[in-house]
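Got a minute to go through a protein fold together? Here it is, ready for some questions.

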Amino acid sequence: MRAVRIHAHGGPEVLQVDEIPEPAPGPGDLLVRLRATSVNHRDIWIRRGHPHPAYYVDLPAVLGIDVCGDVVEVGAEVDGFRPGDRVTANPYMQCGRCTYCLRGRFQLCPRFSVYHGTYAELFLVPSSFAVRVDASVPDEHVAAFPNAYITAWQMLVGKAGVGPSDTVFVWAGTSGLGSAAIQIAKLSGARVIASAGSEEKREVLRRGLADEVLDHHSADLVARVHELTDDEGATIVFEHVGQATWERSLELAAHGGTIVSAGATSGDDARMNITYMFVKQLRILGSRLGTMTDALAAARHLSAGHFAPLIGAVLPLEQLGEAHTLMDEGRVTGKVIVKPIA
Ligand SMILES: [Zn+2]
C-alpha cells in the first residue's frame, strides 16, 4: 500500500510517497481504509522538526491526525466495531495508567500521546479512541472534524462552560479551530463575534457563521467589541493565536470573563498587563485536545448534521506537499482536505 512518509525534517518536499507493507491490527486495533484526512498545524510543525518534545516522532513517520475511513478488519479483542463501519477517531490518547488517568481525569494525563498515521491508504486506529459517524455526513466534513472540533468542544464546553448567555469572541474565525468554535458556540445558544484578516474571509463568516464579524488588523477592534456588547466585552475569548492577539484578548474580555487558549500559531512571547487581568478577575484556562467524552458528544452533533466545517481545498494524497503549503501560507479559507490517491 502507499503512504506519504517523512524520512527527514524539512519543507514540503520531504513528504514522499512510499510503498510500505499493510499494517496488521493488534488485538485492540481497527484496520481502516482512508476516505479523507486533513492538514493540521501540528503536521507542519512535526514535518519541520519543532524542538518541543510534544512534536517528537520516530522517523520515518506517517503524519496525519484526522481520521475518516472505513473499517476493513478488527483485532481479536475489539468489541463494538465491524468491517464496513465508517469511523473517525479522537487523536488525544491518554496513557490510562498515570495517577490522573486512574482518577478519571483523562484530560490532564501528562503522558498522553497524539495519534498520527492517516497520510496512508490503510492505517491502524486503537478501537478505544474510534467513533462511528453516520453515513449521511460528507467525508470532507468528517476529515475536518477530529482535531478542530474535539479541541474546540473541550475548550468551550469542557473548560469555559459556554451557554446561551455568553458572548464568545473567536479570533481567526475561518481557521479550522476558529470555525469549529463558532459552530459549537452557536449550538450552545451563545452570541458570537468573530474576526478575520481579509475581506474575503470576513465575507465567509458573515454567511451564517458569526453574528458579528470584525477585522483583526483594525486598530479599533477592541473598541468595536465593547460597542457591540454594551461596553461589557466578551464573556469568553477563544484564543489560539497567541503573541499577536493576547494583549487584546485581555482588553476585550468582560469582567469575570474567561480566556481559553489552546494554541499560539503567531508565537509564544506574549506581553500581558497583570493588573488588567486581576482587576477584571479574568480566568485564563489552558487546554489541549479533548477526551472521549468530548469526542462522543461532538461526534453526535457531527452525525446529526449540526456542523458544516469550512472546506478550503481538496487535494489527492500524492499532492500532500502542496496541501501543506496551502495550509502553511494561509492561502485558503477553511480546512485543506486530503483524499486517497485515485
Ligand atoms: Zn495518563
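What follows is a short question-and-answer chat about domains, helix packing and one tyrosine.

Reader: Before we start, is this model predicted or experimental, and which domains does the assignment give the protein chain?

Author: Keep in mind that this is a predicted model. The domain assignment gives domain 1 in two pieces, 2-145 + 309-339. The other domain is domain 2, 149-286.

Reader: How far apart are the C-alpha centres of domain 1 and domain 2, and how many residues does each put into the contact?

Author: The C-alpha centres of domain 1 and domain 2 lie 27 Å apart. As for the contact, it takes 10 residues from domain 1 and 11 residues from domain 2. On the side of domain 1 that touches domain 2, the residues divide into four nonpolar, five polar and one charged.

Reader: Is helix 4 buried or exposed?

Author: Helix 4 covers residues 146-159. Count its residues against the cut-off for burial, 20 or more other C-beta atoms within 10 Å, and 14 of the 14 pass. So helix 4 is largely enclosed by the rest of the structure, and the word for its residues is buried.

Reader: Is helix 4 parallel, perpendicular or oblique to helix 5?

Author: Helix 4 and helix 5 (residues 176-187) pack with their axes 8 Å apart, at an angle of about 50 degrees. Angles under 35 degrees count as roughly parallel and 65 to 115 as roughly perpendicular. Because about 50 degrees falls in neither range, helix 4 is oblique to helix 5.

Reader: What does the contact of helix 4 with helix 5 look like by class, and which way is the crossing handed?

Author: From helix 4, the residues taking part include Ala148, Trp153 and Leu156, and they meet a set in helix 5 that includes Leu177, Ala180 and Ile184. By class, this contact has 11 nonpolar, two polar and no charged residues. The crossing of helix 4 and helix 5 is right-handed.

Reader: Which angle class does helix 4 fall into against helix 10, and which residues make the contact?

Author: The axes of helix 4 and helix 10 (residues 292-303) are 9 Å apart, at an angle of about 110 degrees, and that makes helix 4 roughly perpendicular to helix 10. The residues divide into seven nonpolar, two polar and one charged. On the helix 4 side they are Tyr149, Ile150, Trp153, Gln154 and Gly158, and on the helix 10 side Asp294, Ala295, Ala297, Ala298 and Leu302.

Reader: What follows helix 4, and what is its phi?

Author: The residue to look for has a positive phi. Helix 4 is followed by glycine 161, with phi near 65 degrees.

Reader: How many charged residues are in the contact of helix 1 with helix 11?

Author: Helix 1 (residues 41-48) packs against helix 11 (residues 320-328) at an angle of about 110 degrees, with the axes 10 Å apart, which makes helix 1 roughly perpendicular to helix 11. Their crossing is left-handed. Asp43, Ile44 and Arg47 in helix 1 meet His324, Met327 and Asp328 in helix 11. By class, that contact has two nonpolar and one polar residue, and the number of charged residues is three.

Reader: Is tyrosine 100 buried, exposed or partly exposed?

Author: Tyrosine 100 sits in helix 2 (residues 99-102). Beyond four places away in sequence, it touches Arg105, Leu108, Cys109 and Pro110. It has 17 other C-beta atoms within 10 Å. Buried needs 20 or more and exposed 12 or fewer, so tyrosine 100 is partly exposed.

Notes:
Residues are numbered from 1 along each chain as its sequence is written. This is a predicted model: local features need pLDDT of at least 70, side-chain atom pairs count only at pLDDT 80 or more; totals for chains, interfaces and linings use all residues. Domain bounds come from an automatic or database domain assignment. Two residues are in contact if their C-beta atoms, placed from the backbone, lie within 7 Å. Ala, Val, Leu, Ile, Met, Phe, Trp, Tyr, Cys and Pro count as nonpolar, Asp, Glu, Lys and Arg as charged, and the others, Gly among them, as polar. Axes are lines fitted to C-alpha atoms, for helices over the stretch in contact, and angles run from 0 to 180 degrees between N-to-C directions. Helices (H or I, at least four residues) and strands (E, at least two) are DSSP runs, numbered from the N terminus. Angles under 35 degrees count as roughly parallel, over 145 as roughly antiparallel, 65 to 115 as roughly perpendicular and the rest as oblique. A crossing is left-handed if the near helix is turned anticlockwise from the far one by less than a right angle, and right-handed if clockwise.
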